[in-house]
Amino acid sequence: MEENYISEYLDFCESQKRLSLETIRAYSNNLNQFKKFDDMKEYVRYLCARYDKSKTIRRKLACVKSYYRYLENENIIHDNPFNKLYVNIKDSKELPKIISKNDLKKIRNHMLKEKVSAETDYKNEKSHRNLLILELLISTGIRISELCSLRLKQIDIEEQKINILGKGRKERTIYLGNKETLKLLETYIKTYRETREEYLFVGKDGVSHLEEQSVRLMFRNLPYKMGLEIKITPHMFRHTFATMLLESGVDIRYIQQILGHSSIAVTQIYTHVSMDKQREILTNLNPINQIQ
């Protein structure tokens, strides 16, 4: 494999496949790593020894495979080594990353202080929004995509519930069992959203919904501001929510339905969770109760 073919392939990926510069850089790194090896089997052995995550190994092999497909299509090679290669990479089992109860308390207290100390209308609204985002993530286990796209019409303050359109357009209802979170939500709507946009959380343009990346960035920067040596992602709150409910003795069937985790086919084998049971779970055993 000659280096000039790698350059040609990367040019092809940029001009014809229109891949992003970030992807092009990743392809370049992968292919330059691969060219140091004499054959494919040696490279596979290296990957398996070097990387713990199976998805990392698969991604790197997929890049090299795509490169060889390009060489074959361009008649640069006539014997594609991938046609004779069989690789069985077992999936690595990674435990979901969660946030400790102690760190959850610190994060919530930090956001409460930011809300109390806010000196301008802008800071008041932003700190209220950020605290509400945190409390909804902790107390409902909602997906970040579901949270950011939440419309005001999906929220029923009087009945203490939100209707969610999840993955695969599956609908589910989550009961808002924590009184402080409910009050925070009600006040936020009345103060900032009652006569305005259709979304609970809006983006910079004031019309479209808040971008998921904005929430990710907020939680990415939070540990630095607080002096915590941890990494936080919005999805970690979902894992933490489920773990804390499990540790409180809640049946996993209830948790899976509250999270909207299962496919329609799988859901049919679970016991139906009535709103009364969900109300009991999310009022008495809500994770946020444990840090307030």
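Helices here are DSSP runs of H or I at least four residues long, numbered from the N terminus. With that in hand, take helix H11: just after H11, Gly260 has a positive phi of about 70°. Keep in mind that this is a predicted model. Below is a quick tour of a small sheet, the cysteines, the aromatic rings and one well-connected arginine.

**Around helix H11**

- H11 covers residues 252-259, and its buried residues include Tyr254, Ile255 and Gln256.
- Ile258 and Leu259, also in H11, are buried as well.
- Right after the helix comes Gly260, the residue with the positive phi.

**The sheet**

- Three strands make up an open sheet, running in the order S1-S2-S3 with antiparallel pairing.
- S1 (155-156) and S3 (171-175) sit at the edges with a single partner strand each, so one side of each has no neighbour in the sheet.
- Strand S2 takes in residues 161-165, and 5 bridges tie S2 to S3 in the antiparallel sense.
- To pick out one of those partnerships, Ile164 has Arg172 in S3 as its bridge partner.

**Cysteines**

- Looking for disulfides? Searching the whole structure turns up 0 of them.
- Cys13 is in no disulfide, and the nearest cysteine sulfur, belonging to Cys63, is 7.6 Å away. The cut-off for a disulfide is a sulfur pair within 2.5 Å, so that distance doesn't qualify.
- Cys13 has a relative accessibility of 0%, so Cys13 counts as buried.
- Cys48 is partly exposed, because its relative accessible area of 42% falls between the 20% and 50% cut-offs.

**Aromatic rings**

- The count of aromatic pairs comes to 14.
- Phe12 and Tyr70 form one of them: the ring centres are 5.1 Å apart and the planes stand at 35°, so this pair is tilted.
- That pair links distant parts of the chain, since Phe12 belongs to helix H1 (residues 3-15) and Tyr70 to helix H4 (residues 54-73), 58 residues apart.
- Phe12 is partly exposed at 28% relative accessible area, while Tyr70 is buried at 10%.
- Tyr188 and Tyr192 make another tilted pair, with centres 5.4 Å apart and planes at 55°.
- Both of these tyrosines lie in helix H8 (residues 179-193), 4 residues apart, which is about one turn of the helix. Tyr188 and Tyr192 are both buried.
- There's a cluster too: ring pairs join up Tyr9, Phe12, Tyr27, Phe34, Phe37, Tyr43, Tyr46, Tyr67, Tyr68, Tyr70 and Phe82.
- A ring can also have a charged neighbour, as with Arg50, which lies over the face of Tyr51 at 4.8 Å from the ring centre.

**Arg108 and its surroundings**

- Arg108 is found in helix H5, which spans residues 101-117.
- Its relative accessible area is 5%, so Arg108 is buried.
- Two glutamates have polar contacts with the Arg108 side chain: the side chain of Glu135 at 2.8 Å, and that of Glu180 at 3.1 Å.
- Leaving aside residues up to four places away in sequence, Arg108 also touches Leu131, Leu134, Ile288, Ile291 and Gln292, among others.

Methods: Residues numbered from 1 in each chain as written. Predicted model: local features only at pLDDT ≥ 70, side-chain atom pairs only at ≥ 80, totals over all residues. Heavy atoms only, no water. Pairing = 2+ DSSP bridges. Helix = DSSP H or I, 4+ residues; strand = E, 2+ residues; numbered from the N terminus. Buried < 20%, exposed > 50% of the residue type's maximum accessible area, 1.4 Å probe, protein only. Phe/Tyr/Trp six-rings, centres within 6.5 Å; stacked < 30°, edge-to-face > 60°. Lys NZ or Arg CZ within 6 Å of the ring centre and 35° of its normal. Polar contact = N/O pair within 3.5 Å; in protein donor to acceptor, adjacent residues only side chain to side chain. Contact = heavy atoms within 4.5 Å.
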